[in-house]
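Biologist: I would love a close look at one part of this model, with some of its surroundings for context. Could you walk me through it once the structure is up?

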Amino acid sequence: MTPRWYIEVLARNGEVKQRQRVSELPIRLGRAYDNDFILDDQHTAAHHAIVEASADGELQIRDLGSKNGVVHKGKRYVTMRLDGEHVVRLGHTSLRIRSGDFPVAAEVADTTLHNWEGAYPAMIGLGLIMLLSASDTWLFDSSKLQAIHYLLEIFSLLGAALAWSGIWTLMNRLFAGHARFGRHIFILACGLTVLQFWEAGSSVLAYALSLVFLTRYGGLVGIAIILAMVFFHLCTINPQRAHRFGVICTFLTVLASGITTMTNYQNSGHPGSELYMHVLLPPEFRVSKDESVKQFLDDAADLKAKADAARGKTINGEIVDVDEND
């Protein structure tokens, strides 16, 4: 047997919270001070379990008659073999025992952008947010230019951005040990930039090329952009689980898009978020050909035919009969 053993106390996410080296077997576990490894857990006995070599030389853990026992994957054991991968629970404490020659995984390549931390991304992110707020106010403000109005809009958006990034920073600190506020504020600023460019660009294209679907279903793209931001926030906290985060965010995007579409259909009878294009720009932006008067009248006639066909139908449980003179 290898003369060195390591007892690891694991967190709920599987990360090692504590590691202690023990030079020989057996290893006594419990709350009493005469144990080889003391458990600071009121749900464990004074002498809870013992780790020893079995008759065939394999490592095993044996319960010493404790009230809560030795548990592995929800099942209680009196004696259980250990191979370095087994995690056992004693009371509320999860343990794993490995020998000194236990093989470890290969070194992971460091892809962290260490130079992209701290104040540098934070300042760029805050600058982007202030620029977006000022430009958005300038585009849609039809009143006389007033500096106080711009300042209020800028500080309002900054406050919301700091609150959003602060929540992710706290989660980063709790689950990864690093705050990374600058990275989170930069992710938010990039997401807001993409969102604003999409809203402006899709509106111009919809008007210029008569692509009504860009404005009717543009909100679904907005949902995808927001959840993409959430994905990058999560990957900043734990980049090793990027694939899992991608699956979760994709599922949430499909779910939110489906709920939004069904809600629109229930409220207006149309899956889109608007029944007509709300964007009106100068005629110089138009690229597609204008429809003829005849086409307009034909479309109006088709609309009238559909309205006439709807007369007498049940609407909200009542029969509607429209008078011809109305």
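Biologist: Does F232 count as buried, partly exposed or exposed, and at what relative accessibility?

Modeller: Happy to take you through it, and please keep in mind that this is a predicted model. F232 counts as partly exposed, because its relative accessibility is 47%, which falls between the 20% limit for buried and the 50% limit for exposed. F232 also has an aromatic partner, F231: the two ring centres lie 5.3 Å apart with the planes at 70°, so the pair is edge-to-face. The angle decides that label, because planes over 60 degrees apart count as edge-to-face. F231 is partly exposed as well, with a relative accessible area of 21%. A search of the whole structure gives two aromatic pairs, and the one formed by F231 and F232 is among them.

For context, let us move along the chain to helix α6, which spans residues 242-268 and holds L255. L255 is partly exposed at 42% relative accessibility. Together with I248, F251, L252, I259 and M262, L255 makes a nonpolar surface patch of about 580 Å².

Now for the interior. The largest nonpolar core has 19 residues, and I7, L29, V51, I61 and L95 are those with the most contacts inside it. At least two residues of this core come from each of β1 (5-10), β3 (27-30), β5 (49-53), β6 (59-63), β10 (88-90) and β11 (93-99). The top contributor is β1, which gives three residues.

I61 is a good place to pause. Setting aside neighbours within four places in sequence, I61 is in contact with L29, A49, I50, V51, V70, V78, T79, M80, L82, V88 and L90. Two of these partners, L29 and V51, are also listed with I61 among the residues with the most contacts inside the core.

Two loops round off the tour. S54 sits in the loop between β5 and β6, and this serine is buried, with a relative accessible area of 11%. Beyond residues up to four places away in sequence, S54 touches Q60 and R81. K67, by contrast, belongs to the loop between β6 and β7 (70-72) and is exposed, with a relative accessible area of 76%. From K67 to G91 the C-alpha to C-alpha distance is 8.9 Å, with their positions 24 residues apart in sequence.

To come back to your residue: F232 is partly exposed at 47%, and its ring meets that of F231 edge-to-face.

Notes. Residues are numbered from 1 along each chain as its sequence is written. This is a predicted model: local features need pLDDT of at least 70, side-chain atom pairs count only at pLDDT 80 or more; totals for chains, interfaces and linings use all residues. Side-chain values use heavy atoms; hydrogens and water are left out. Patches are made of residues with over 30% relative accessible area and no salt bridge: like charges are joined within 9 Å, nonpolar side chains (Val, Leu, Ile, Met, Phe, Trp, Tyr) within 5 Å. Accessible areas come from the Shrake-Rupley method with a 1.4 Å probe; for residues, only the protein chains shown count as cover. A salt bridge is a side-chain nitrogen of Lys or Arg within 4 Å of a carboxyl oxygen of Asp or Glu. Helices (H or I, at least four residues) and strands (E, at least two) are DSSP runs, numbered from the N terminus. Buried means under 20% relative accessible area, exposed over 50%, partly exposed in between (1.4 Å probe, protein chains only). A nonpolar core is a set of buried Ala, Val, Leu, Ile, Met, Phe, Trp, Tyr and Cys residues joined through side-chain atoms within 4.5 Å. Contact means heavy atoms within 4.5 Å. Rings of Phe, Tyr and Trp (its six-membered ring) pair if their centres lie within 6.5 Å; planes under 30 degrees apart count as stacked, over 60 as edge-to-face and the rest as tilted.
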